[in-house]
Structures are given as structure tokens and as C-alpha cells.
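The following exercises train the reading of a protein model. Please study the sequence and the structure before attempting each one.

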Amino acid sequence: MKCGRHNLAFLLLLTTPCFAGEIDVTFFEKNIRPVLIESCYECHSVEAGKSKAGLLLDTREGTLTGGDNGPAVVPGDPEASLLFVAITHAESDLEMPPKKAKLPDTVIDDFRRWIEGGAPDPRDEPRGKLTDAPIDYESGREFWAWQMPQWPDISESKFQSEWARSDIDRLVLSGLEKANLQPSEDAGTEALLRRLYFNLIGLPPTAKELGAFRREVEATSRQEALKKKVDELLASGFYGERWGRHWLDVARFGESSGKESNFTYPEAWRYRDYVIDAFNSDIPFDRFIAEQLAGDLLPADGDAERARLQVATGFLAVGARSLNEMNRDQYEADNVDEQINATTQAFMASTVACARCHDHKFDPFLMKDYYALAGIFSSTKTFIGTKIEPDNVIGGELIHLPDSLGLPVFNRPITPQKVEELKLERVAVLEKQEEDQALAAKAIKEGKDPTEFFSIQMAIGNIWKVGRIDGALAKVDDSGKPHVMCMGVQEAGEVRDEPVYERGDLAQPGDEKIPRGFPEVVVMSGAPQIDGNVSGRLELAEWLAHPEHPLTARVLANRVWRHLFGIGLVRTTDNFGYNGERPTHPELLDYLALRLVEKHEWSVKGLIREIVLSRTFQQASDFREDGFLADPENRLMWRVSKRRLEAEAIRDAMLVAAGDLDVNRPEGSLIGRLGDRNAALLGFAKGVPSDLDGSRHRSVYLPVVRDRLPDVLELFDFAETSLVTGHRETTNVPTQALYLMNSDFVTARAESLAKLVADRERDAAVRTVFERCLSRQPDADELELARSFFEQLDQSDVPKHEGMKLYCQSVLSTAEFRNLD
């Protein structure tokens with residue numbers, strides 16, 4: 001008899017609910033609507049009085065219904081969407097916009113992603129009705145998000161008041177009472193400890209740690225043991241790796257530029273490590289804001305601190321960029337737009353960037369607010385350090401850090417002779433260009449063809465040559481020794497205010513320049529003012545952290561709550577605007593925001609500690625019919641919701657279970673060691689694993705290359721690295737199961753785990769596997785199922801060790817392993 005290799009894997013492999021990831025209306029407002037206005041409304045809108053081919057594109061209804069030829073957009077299917085077909089010029093008789101150049105590839109890709117994501121479109125106006133007037137400041141200030149947080153009136157709950165352990169519990173209990181619901185019982189000790197470990201450090205507890213916690217509970221009390229354990233985990237270096245990764249999602253961290261060229265960012269890892277260290281050090285969040293937006297402008301005690309603060313500004317540099325944009329002014333404007341979007345969404349959960357081409361359609365941001373911020377970032381120089389090559393005409397410098405600090409550096413040294421050769425080559429290229437230009441000018445005077453001597457193609461070629469040389473020389477000193485460098489920002493040589501550009505078009509500037517400043521919907525006493533000689537980045541950071549700012553503390557508190565419970569009090573963590581959801585517990589959100597600032601002095605660790613010590617966090621996750629019928633989404637928190645672990649936690653837990661985790665921080669990153677290159681060619685680089693993994697370090701240190709992620713991150717719903725992401729979607733698709741059954745990484749972990757239990761009696765081995773993987777002992781049915789499996793193996797030709805390896809892989813592949821609670 002032969003035993004099927006994956007029988008037990010299929011038997012134990014359970015499924016989790018499927019939630020489809022979607023591009024939201026913010027994506028439409030920022031990337032789709034402006035293009036429709038600029039390129040389509042002229043022929044297909046009520047306002048223009050035109051509907052060529054019976055097509056109107058200024059409403060959702062018109063876009064979905066289409067015109068004479070059929071639906072313009074079929075949500076989920078770009079190829080069936082006539083609008084997408086038209087803008088790609090796939091059919092010669094259907095090209096839009098007509099008689100104009102094809103839209104840029106980046107725009108076409110945005111339309112593809114929008115349609116694949118369900119084509120969300122907030123334009124609900126019926127045909128024939130013009131869009132409502134933009135929201136004004138006064139009416140905008142009436143919206144809940146733009147009002148100052150208020151301390152709630154917390155009194156002892158009249159319903160099961162003995163249950164509440166804290167004010168958090170009382171505010172939650174108040175909502176449950178109104179729905180005639182009770183909170184759930186406390187979670188079991190093992191389940192609670194596993195929940196705490198994954199939430200705080202992203203790793204499971206070991207059997208030794210479980211035993212020690214049980215003994216501490218018996219010696220004192222569960223709550224006292226929990227307090228001690230929380231403090232221990234928050235002091236662990238693993239905490240920063242877990243919560244730093246959460247912030248890297250928000251900071252849209254990536255190690256390549258993305259988009260068409262997709263060149264690597266070899267120095268991006270320094271910002272990653274800065275974030276991890278910042279969370280471990282519990283830098284107050286108001287200071288954290290200032291360091292990332294204006295670290296270069298803060299005072300520093302010594303070169304090491306100066307370098308740390310400079311690296312912090314990588315927040316403004318690590319975003320995606322279109323490096324093959326031929327127009328440098330357009331590139332700079334798009335870079336500013338990306339920085340405005342990242343800053344306002346990360347710290348305010350507001351889509352100010354939607355006001356680039358028109359006043360915001362839903363939130364109180366006018367174009368002048370956008371261009372007031374644009375002046376701040378236009379007065380800032382961004383250093384990204386990308387190499388210049390034929391398909392990458394926009395290059396970038398890097399910032400030099402003191403070589404004396406002994407920081408890791410991966411740039412290769414060159415000989416002094418090579419340095420001199422490069423300098424001479426640069427001079428030769430420029431001298432030849434001058435000679436050719438002179439000959440071309442002479443030819444023009446003589447009525448001859450100048451292109452024989454000099455042409456646009458030759459000029460571009462010279463740009464590439466000089467750029468390549470400059471890039472190489474910038475990385476070394478005169479002796480050829482590599483410099484230590486980082487990404488980031490500094491003050492530009494020129495401070496300038498920006499005009500309002502009609503429809504965001506650089507060719508249509510307004511007459512009046514907008515002074516650098518902040519969105520006017522926020523009114524506060526003692527607001528910082530921007531001096532005429534500075535960009536205003538430091539003042540922007542002070543404005544965001546001002547005690548009277550209505551959003552910053554709320555947004556952070558909501559992000560923390562989301563990571564601890566799986567969903568925010570405001571579900572739309574990155575959008576607190578009119579199109580976002582309203583808070584389920586507005587009083588609790590205000591309470592947490594005020595406690596964060598006034599009690600914890602912006603300490604993220606302090607806020608986390610308060611929340612996890614609440615009884616709300618310690619509830620069981622068991623299903624209850626009464627709760628489900630009254631509140632199927634568990635928004636009232638009658639239990640702790642079950643949820644799947646993130647990709648990194650799944651991978652790291654496998655390493656822990658197998659005894660393979662290397663807890664040391666690796667020096668640099670794979671991309672840092674590979675250096676400048678096109679990300680599309682990574683697979684051809686020597687020593688690069690096909691799945692971009694091959695590491696036993698924690699997953700936060702895996703390479704994050706846009707459009708080329710390691711398999712485990714790609715398959716298990718990693719953050720969209722080009723967008724601010726406060727909430728990852730969760731999917732359940734067949735390729736995840738295939739990865740768990742077939743990937744080299746998983747089979748290697750199963751092999752290691754099998755070796756760990758190889759000398760144990762089978763029942764003892766099964767118990768050890770369960771404890772290492774699931775933080776519990778198997779029940780009688782699970783033990784019997786394992787015995788049955790091994791009995792089949794004994795009658796087969798499968799080697800004993802191979803059988804244990806299959807069993808270990810099956811447990812690593814269970815839904816319970818990759819789910820919390």
C-alpha cells in the first residue's frame with residue numbers, strides 16, 4: 001500500500017473567509033477622475049453638452065451603461081471594457097482621446113487596476129445633473145473628523161458593570177448594552193498568550209514561555225501575570241520589528257521605484273531599520289512625525305544623531321516614481337503630489353491630493369490648500385539615488401553620511417585610476433558635445449542639415465553617458481573608497497510658492513501664487529507660521545502634532561486599534577473623510593486619542609499597553625448566535641474576531657516552530673547588496689533565490705521590490721507598496737494552498753521540525769508538533785487522526801522520516817496555524 005503524499009495535508013487544510021481586495025474611491029478621485037476631466041469630458045459630458053456615440057463619462061451610470069457600442073466599463077474585466085480598449089489603442093477604429101497622443105502607460109495601468117478592482121466610482125448623480133459645488137470650510141468643520149476630540153462622560157455601566165476593568169471596557173460595554181448584548185467570556189490562557197505574542201511581537205510563544213506564564217498566573221493572578229508579560233514583550237526588540245512593519249505599510253515602503261522603469265533603491269533599507277529602531281525606542285509619535293518630515297532640520301547631538309535624523313526623512317523618498325518621465329518639471333510636480341498624498345493620508349487619513357486638479361469633491365480641501373502644501377515640497381530636494389540608463393532619464397542623487405561612523409556600505413570600491421578615467425571621460429563627452437553643437441550651428445548658417453553633426457538622439461545619449469559617470473563618481477571619494485549614503489530630503493536651494501495650476505496642468509498656471517501653508521479647514525490657536533526662508537516642512541510637522549489638531553491623534557489611535565483587533569473603530573483607516581466610514585464608537589476613539597496625547601505623551605507603547613490590558617481585548621473569540629444575529633460583523637466587539645495572520649507572521653511562525661529563526665538583524669538588505677539595477681532583471685542576478693526568499697531572518701527584512709515581491713508576501717496579501725496602506729485585505733485563494741504544499745520554504749521548515757521530534761515516541765512527537773505550531777496540545781480526535789495517518793505510513797514504502805515531515809507540513813498548513821484565535 002502506498003500512502004498519498006498530501007492526504008493529511010488536504011485533510012487538515014481548513015479554509016478561512018474570503019474578502020476580495022478592492023481599489024477604493026480615493027484611488028478613483030486621485031488617478032481616474034482627473035484623467036476623465038482632462039481627456040474625456042470635452043466630448044462625453046453633460047457640462048460640455050456632448051455625448052459622442054451616445055456616451056457620457058461624467059457619471060457612474062453613464063460610464064457603466066456606455067453608449068452606442070456597449071458598456072464603457074465592465075467592473076473586474078478591463079478587456080471587456082470599451083473605455084480601456086480605447087485608451088490602449090488596441091483597435092485602430094476605437095482610439096481615445098481622438099487625434100491626440102496615447103495616454104501615458106502609467107495612466108493606462110491606473111485604469112486597468114481601477115477596473116480590475118471593481119471600478120469604484122462615487123459619482124452618484126443621475127444623468128443631466130451637474131456635480132455639486134465643492135464643500136466649503138465652514139460646512140466641512142461641522143463634520144465629526146474636523147471637530148476637536150472631547151473627553152466622554154464615563155460612568156459605571158448599569159449592565160454587568162462588574163465586567164468592566166477599564167474605561168475602554170465601559171465605553172465598549174455601553175454600546176453592547178444598547179444592542180442588548182453581553183461581552184464574551186475571557187479567552188483561555190493559552191489562546192490569550194498566543195494572541196498577545198502575535199499582536200505585540202508577531203511571533204508565537206514557545207512551550208517554555210507558555211509553561212512559565214501558566215506558573216506566573218498560578219502564583220499571582222492572570223491580570224498581574226499579563227501585565228508582567230506585556231511589559232516584557234514591549235521591551236523586546238521583536239516589538240519594533242512587528243510594529244515597525246505596520247508603519248512601513250503606511251509609509252508605502254519599497255526598495256524600487258516601481259512603475260515602468262522600476263529601478264532599485266539600494267539605500268532604502270536604512271529607512272526600514274530607522275523605523276524599527278524608532279518603535280523599539282518608543283520615540284513619541286509627535287517627534288516621530290518631525291523626524292520623518294524634517295529630520296534634517298532638527299538639532300542633533302553629534303554626527304551619529306545627525307545621520308539618524310537624515311535617514312528618517314527617507315519617509316518622503318521611498319515612494320513609487322515614474323523615472324522615465326521625459327519632462328523634469330512634470331516629474332517634480334508628480335513627486336510633490338506623491339509626497340502630499342503620503343503625508344496627509346499617513347498622519348491625517350485625508351485625501352488632500354485629490355485637490356490637485358479641482359477642489360475636492362467631498363472633503364473641505366480646495367485647490368489652494370493643495371498648492372499651499374505643494375510649495376512646501378517644491379522647496380524641498382528629494383534624494384532617491386537611481387541610476388541613469390537609456391530607459392531611465394530621470395536620475396537622482398543620494399545624501400552622504402559621515403564615513404567616520406562605520407555604517408554598513410555596499411557600494412563597491414574602485415581604483416583611483418578608475419576615478420580619474422571617469423572624470424576624463426566626462427570631460428571628453430562634454431567637449432565633444434560642444435564641438436558637435438558648433439558644427440551643427442555652422443551647418444544651419446550654411447543652409448545644410450545640422451543633424452549630421454548633432455541631433456536630439458545624440459543629446460539624449462550624452463545625457464545618459466554623463467549621468468552614468470556622475471552616478472558612479474557620486475558613490476566614491478577621489479581614492480575610489482565608497483561613501484556611506486542614504487535616501488531622504490533636504491532644503492532645496494530655492495524656496496518658492498506655487499500657483500494654482502488649472503486642472504493640474506503645468507502649462508496653465510494661475511496669476512497668483514499661494515503662500516506656503518496648511519489646509520485652512522483646521523483652525524487652531526498658535527498655529528505655526530512659515531518663515532519666508534524655509535520650506536515649511538518643520539512647521540508642517542509641528543502643525544500636524546499641534547494639541548488642537550483634530551485628526552492626528554485620532555488617526556494614530558485608530559491605527560493601533562486596527563492592528564490589535566483586526567478592524568479600526570473607523571473601518572477606513574486611511575480615509576476619515578466624507579467617503580470614509582463613521583466611527584462605530586466615536587466616544588471611545590476620542591478617549592483613546594486624548595489618552596495618547598495627555599496620559600501617554602504620544603507613546604505608542606503606552607497606548608498599546610492600556611488597550612491589551614482591557615477586558616475587551618481579553619475576550620474569547622468563540623461564536624455566539626445571539627451576537628452574530630445582532631451584530632454579524634462584530635463591530636460592537638461582543639467577542640474578539642478571528643482573523644488570519646499577515647504574511648510575515650505566518651512565515652516567521654514557521655521559522656519559530658521549526659527552530660530555524662535567525663533573530664539577528666541582517667546587515668543591509670538583498671537589494672542593498674545587489675546595488676543599482678532594473679528590478680525586472682533581478683531573476684538574472686547571481687545568488688538571488690527564485691522566490692526572493694532563502695533567508696531565515698524575520699520577514700520584515702525580506703526585499704520589498706515593487707511588482708516583484710517574495711512569493712510568500714505576494715500570495716498572502718502584502719500591502720500595496722505604492723499606496724498608504726493602513727489595512728491589508730485578506731483573501732483565500734488556491735495559490736495559497738499550493739504554496740503551503742509545494743514551496744521550498746515550507747518543506748524546509750517541515751524538514752527541520754521533523755528532525756526536532758525525530759527521537760520522540762510518536763504520540764509525544766505529535767504533542768510537541770502541536771505545541772510548537774499551535775500553542776496547545778492536540779485533543780483526543782486529533783491524536784487519533786495522527787495515529788491513523790502513521791499507521792497507514794507503516795504499511796507503505798514511505799520512509800519514516802519522510803512521513804513525519806509530511807505530518808509536520810500538514811500542521812504548518814492548517815487554517816489554525818495561520819489564523820489568530
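A residue is called buried under 20% relative accessible area, exposed over 50%, and partly exposed in between (1.4 Å probe, protein chains only). The model is a predicted one: local features need pLDDT of at least 70, side-chain atom pairs count only at pLDDT 80 or more, and totals for chains, interfaces and linings use all residues. Residues are numbered from 1 along each chain as its sequence is written, and side-chain values use heavy atoms, with hydrogens and water left out.

**Exercise 1.** Determine whether the end-to-end distance of helix H15 agrees with its number of residues.

*Solution.* Step 1: helices (H or I, at least four residues) are DSSP runs, numbered from the N terminus. Step 2: H15 covers residues 328-348, which is 21 residues. Step 3: the expected span is 1.5 Å times one less than the number of residues, and for H15 this gives 30 Å. Step 4: the end C-alpha atoms of H15 are 29 Å apart, which agrees.

**Exercise 2.** Describe the surroundings and the two ends of H15.

*Solution.* Step 1: because 16 of its 21 residues are buried, H15 is largely enclosed by the rest of the structure. Step 2: at the N-terminal end, Asn327 acts as a cap, with a side-chain oxygen 2.9 Å from the backbone nitrogen of Asp329. Step 3: after H15 comes Ala349, which has a positive phi, near 50°.

**Exercise 3.** Examine the salt bridge between Arg356 and Asp334, and state whether each partner is buried or exposed.

*Solution.* Step 1: a salt bridge requires a side-chain nitrogen of Lys or Arg within 4 Å of a carboxyl oxygen of Asp or Glu. Step 2: for Arg356 and Asp334, the N to O distance is 2.8 Å. Step 3: Arg356 lies in the loop between H15 and helix H16 (367-378), and Asp334 lies in H15, so the pair ties together parts that are 22 residues apart in sequence. Step 4: Arg356 is buried, at 14% relative accessible area, whereas Asp334 is partly exposed, at 29%.

**Exercise 4.** Carry out the analysis for Glu291 and Arg308.

*Solution.* Step 1: the closest N and O atoms of this salt bridge are 2.7 Å apart. Step 2: the pair links distant parts of the chain, with Glu291 in helix H13 (residues 285-294) and Arg308 in helix H14 (residues 303-312), 17 residues apart. Step 3: Glu291 has a relative accessible area of 1% and is therefore buried; Arg308, at 27%, counts as partly exposed.

How values were computed: Polar contact = N/O pair within 3.5 Å; in protein donor to acceptor, adjacent residues only side chain to side chain.
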